[in-house]
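Open the model in a viewer and keep the selection panel at hand. The stops below say what to select and what is there.

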Amino acid sequence: MTVNLLGLGSRQLQAFCADMGEKPFRAKQLLRWIHHAGADNFDAMTDMAKLLRERLAQCATIMAPEVVRDSTAADGTRKWLLNVGTGNAIEAVFIPEPNRGTLCVSSQAGCALECSFCSTGRQGFNRNLTVAEIIGQLWWANKCLGRGVEAERPISNVVMMGMGEPLANFDNVVTAMQLMLDDSAYGLSRRRVTLSTSGLVPAIDRLGEECPVALAVSLHAPNDALRDRLVPINRKYPIKQLLAACLRYIEKAPRDFVTFEYVMLAGVNDSVEQARELARVVKDVPCKINLIPFNPFPDSGYARSDPKAVARFRDVLMQADYTTTTRKTRGDDIDAACGQLAGQVTDKTRRKQRRDAVSKMANGFMEEAAQ
Ligand code: SAH
Ligand code: SF4
């Protein structure tokens with residue numbers, strides 16, 4: 001059986017090299033070739049003896065998920081649709097900005113947590129992504145966007161904010177993030193890797209122990225009654241417990257604040273009174289607040305808040321001394337905005353249609369490529 005080296009963390013790669021009777025420095029060499037240089041075969045690894053390269057080719061591969069669509073929005077946002085087999089498609093989105101480039105990475109095909117305003121949640125859970133499928137998104141995006149000397153790397157930040165709940169796929173996500181941080185792989189600083197969670201309290205504590213990165217928490221409501229409805233995991237880990245976990249996390253985190261995400265839903269959670277309540281509720285947690293205009297999808301039952309309501313909400317928070325930003329909606333002409341990812345492809349109730357859709361897309365992609 002061949003091993004996919006793309007999915008091995010630094011320690012596992014060392015163990016793999018030891019099994020082959022090779023010295024530990026080979027693991028570093030492999031990491032650099034695979035993740036720095038973007039190699040997808042062993043022939044390219046010219047600083048290794050030919051015999052070793054041949055032995056590697058016999059027992060190992062370097063395989064990222066297959067890209068079935070590559071689209072670029074009018075604002076430069078670029079989205080890759082990746083086929084992860086059995087009818088599942090996931091997405092990675094690159095968001096260029098003047099002083100940084102952010103890649104939004106998926107962690108699961110679908111999501112089990114069923115937040116009522118999220119199209120991924122609507123689709124239900126399909127499966128956890130493997131390490132190779134998670135890190136493969138960054139590997140692929142780096143290759144596509146062009147590499148070069150470190151300073152010119154197009155991707156300066158990664159946000160685990162694509163499809164899925166990253167903390168529900170803890171081990172694979174942590175191994176992938178460790179590769180993001182590893183100097184021999186992507187060398188990103190902990191402050192530039194952000195994990196967003198809907199609030200799995202025990203896993204937040206574990207993350208603080210095992211791989212503290214910048215943390216974003218999807219709050220979306222100022223009280224349990226409303227949050228229970230919007231983010232059902234709140235029934236298990238209510239706001240008070242979640243905020244206590246945030247405080248514990250800050251002790252370990254690379255940043256001295258957490259970011260609270262708050263999707264703005266017209267007439268649901270966007271009143272001035274709710275803004276005041278939010279300001280009171282989070283007062284003990286050092287935080288920034290990020291307001292996200294709701295991105296609609298068919299039959300969601302929600303509408304995006306009026307920009308005036310968003311501005312009023314923001315003003316209340318700013319007056320209460322919270323740094324508050326309103327997320328710009330990017331790439332919505334290619335359905336690359338938050339909560340819209342791989343919408344048409346992964347509806348659990350329509351597995352067959354989904355499989356057909358993916359193969360149709362793959363065919364379309366190949367036809368386009370052939371032209
Ligand atoms: N599962 C994680 C990370 C992925 S979702 C989480 O929930 O935090 C990334 C962000 O997009 C979350 O804050 C999520 O609540 C938000 N989001 C989901 N659906 C959305 C939609 N339709 N419009 C705007 N934001 C949405
Ligand atoms: Fe899952 Fe996050 Fe969507 Fe909730 S918002 S359903 S946790 S992906």
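**Stop 1: the second largest cavity**

Select F16, C17, M20, E22, R26, L30, L52 and L56, the residues that line the second largest cavity. Keep in mind throughout that this is a predicted model. Colour α1 (10–19), α2 (25–36) and α3 (50–59) next, since each of these helices supplies at least two residues of that lining. The space inside amounts to about 30 Å³. Colouring the lining by class gives 6 nonpolar residues, no polar ones and 2 charged ones.

**Stop 2: the largest cavity**

How many cavities of 30 Å³ or more does the structure hold? There are 2. Move now to the largest cavity, which contains about 540 Å³ of space. Its lining is made up of 30 residues, and F117, C118, M161, G162 and S218 are the closest to its centre. Select those five to centre the view on the cavity.

Which elements give two or more residues to this lining? Show α4 (119–123), β10, β12 and β13 as cartoon: these are the elements in question. By class, the lining of the largest cavity divides into 16 nonpolar, 11 polar and 3 charged residues.

**Stop 3: ligand 1**

Display ligand 1, which sits in the largest cavity. Around ligand 1 there are 20 residues, of which G164, S196, S218, H220 and N295 come nearest. Show the side chains of S196, S218 and H220 as sticks and go through their polar contacts with the ligand one at a time:

- S196 has a polar side-chain atom 2.6 Å from an oxygen atom of ligand 1.
- S218 likewise places a polar side-chain atom 2.6 Å from an oxygen atom of ligand 1.
- In H220, an N or O atom of the side chain is 2.6 Å from an oxygen atom of the ligand.

How much of ligand 1 does the protein bury? Taken alone, the ligand exposes 530 Å², and the protein buries 95% of that.

Go back to the strands for the shell around ligand 1. Select β10 (193–197), β12 (258–264) and β13 (287–293), each of which supplies at least two residues of this shell. The three strands also appear among the elements that line the largest cavity. Coloured by class, the shell around ligand 1 shows 9 nonpolar, 9 polar and 2 charged residues.

**Stop 4: ligand 2**

In which cavity does ligand 2 sit? Ligand 2 sits in the largest cavity, where ligand 1 sits too. Select C111, L113, E114, C115, C118, G121, G164, E165 and S198 to show the residues around ligand 2. Two of these names have come up before: C118 is among the residues closest to the centre of the largest cavity, and G164 is among those nearest to ligand 1. By class, the shell around ligand 2 has 4 nonpolar, 3 polar and 2 charged residues.

Definitions and conventions: Residues numbered from 1 in each chain as written. Chains lettered and ligands numbered in written order. Predicted model: local features only at pLDDT ≥ 70, side-chain atom pairs only at ≥ 80, totals over all residues. Heavy atoms only, no water. Near = heavy atom within 4 Å. Polar contact = N/O pair within 3.5 Å; in protein donor to acceptor, adjacent residues only side chain to side chain. Areas by Shrake-Rupley, 256 points an atom, 1.4 Å probe, with all protein chains shown as cover. 1 Å grid on protein atoms, 1.4 Å probe; cavity = no way out; pocket = protein on both sides within 12 Å on 5 of 7 lines; lining within 4 Å. Sits in = over half its atoms within 2 Å of the grid points. Helix = DSSP H or I, 4+ residues; strand = E, 2+ residues; numbered from the N terminus. Nonpolar A, V, L, I, M, F, W, Y, C, P; charged D, E, K, R; others polar. Points joined across faces, edges and corners; volume = space filled by probe spheres on them.
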